[in-house]
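User: Could you walk me through the salt bridges in this model? I'd like the reasoning along with each answer.

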Amino acid sequence: MKIYLDGKFVEKEDAKISLFDHGLLYGDGVFEGIRAYHGRVFMLKEHIQRLFDSARAITLTIHHTKDEVENIVLETLRANNLKDAYVRLVVTRGVGDLGLDPYKCPKASVFCIADKIKLYPEEFYKNGLEIVTVSTRRNIPQAINPCIKSLNYLNNILAKIEAVRAGVPEAIMLNAEGYVAECTGDNIFICKDNTIITPPTWAGALDGITRRTVMEIAKSKMKLLVKEDLMTPYHLYIADECFLTGTAAEVIPVTKIDSRVIGNGRPGKITAKLIKEFHELTRTSGVPI
Ligand code: PMP
């Protein structure tokens with residue numbers, strides 16, 4: 001495996017950063033998870049834009065242009081001869097002293113890992129997921145905005161621990177007011193009376209790229225009404241259908257929440273059609289490697 005690290009490609013064993021990097025000491029940095037399908041990188045520009053937006057929000061200067069970072073992703077895939085892959089692109093604050101002050105970190109570090117994609121079990125898509133709401137609330141936007149895809153994922157990890165302990169693969173996180181925000185690594189949607197509804201990002205959700213893609217498919221291809229609206233767990237329980245979206249999971253049906261059966265307990269028709277259309281898009285679009 002060849003890993004891009006600050007201007008060079010190095011072997012996995014040699015891909016090391018300093019213990020004084022604030023990415024490690026404080027989770028001070030930003031990242032993206034990106035996918036390549038059939039020799040093309042899906043939504044590459046959108047991911048790079050979000051990386052730069054996250055960086056700007058935390059005053060982290062990336063010493064590259066967006067085109068250069070795009071090339072880093074493409075070169076990493078080429079170096080590893082990968083056509084279908086999961087890419088982790090990370091920018092850390094860089095090396096500083098033991099204090100918090102990011103202005104003492106002169107240069108951000110950039111690294112990029114491309115690996116074979118580990119697919120979710122087929123039965124998740126066939127039967128739908130069972131998930132639960134957890135007690136850990138999503139970060140409040142006034143403290144750390146969940147739109148920033150930062151290296152500080154402790155909030156999500158605490159929720160994931162609750163999910164694992166409950167024996168389910170994902171957790172629904174509510175915001176401080178008790179409205180549904182998102183899952184630990186996925187956005188959440190419901191379908192009710194042929195309308196697709198997802199929480200607005202200001203309720204505490206990442207502006208997910210799969211979320212955006214699915215909203216666009218639902219509107220333009222499937223002529224469905226798409227709404228961003230606040231919802232409580234009650235609205236999830238009485239939904240006709242529920243599904244999650246994310247780069248790794250793509251579009252995945254949810255059939256049970258907090259032991260309530262969703263709809264008829266089987267993945268819904270709208271979800272199935274969205275999955276089909278999403279796959280079609282991954283087959284036919286993207287930046288060639
Ligand atoms: N929410 C969170 C907290 C995430 O980590 C992710 C995965 N990046 C998502 C939602 C889904 O976003 P995307 O579709 O851009 O992968």
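User: Which residue forms a salt bridge with Arg 212, and how far apart are the closest N and O atoms?
Analyst: Happy to help, keeping in mind that this is a predicted model. A salt bridge needs a Lys or Arg side-chain nitrogen within 4 Å of a carboxyl oxygen of Asp or Glu. For Arg 212, the partner is Asp 207, with the closest N and O atoms 3.1 Å apart.

User: Are Arg 212 and Asp 207 buried, exposed or partly exposed?
Analyst: Partly exposed covers the range between under 20% (buried) and over 50% (exposed). Arg 212 has a relative accessible area of 33%, and Asp 207 has 26%. Both values fall in that range, so Arg 212 and Asp 207 are partly exposed.

User: Which residues are linked with Arg 212 in a network of salt bridges?
Analyst: The Arg 212 and Asp 207 pair belongs to a network. Its other members, linked by salt bridges, are Arg 211 and Glu 228.

User: How many residues apart in sequence are the parts that Arg 138 and Glu 182 tie together?
Analyst: These two form a salt bridge, with 2.6 Å between the closest N and O atoms. Arg 138 sits in the loop between strand E7 (129–133) and helix H5 (154–165), while Glu 182 is in strand E9 (residues 180–183), so the parts they tie together are 44 residues apart.

User: What is the N to O distance between Lys 227 and Asp 229?
Analyst: Lys 227 is partly exposed at 36% relative accessibility, and Asp 229 is partly exposed at 34%. Their side chains meet in a salt bridge, with an N to O distance of 3.9 Å.

Methods. Residues are numbered from 1 along each chain as its sequence is written. This is a predicted model: local features need pLDDT of at least 70, side-chain atom pairs count only at pLDDT 80 or more; totals for chains, interfaces and linings use all residues. Side-chain values use heavy atoms; hydrogens and water are left out. Helices (H or I, at least four residues) and strands (E, at least two) are DSSP runs, numbered from the N terminus. Buried means under 20% relative accessible area, exposed over 50%, partly exposed in between (1.4 Å probe, protein chains only).
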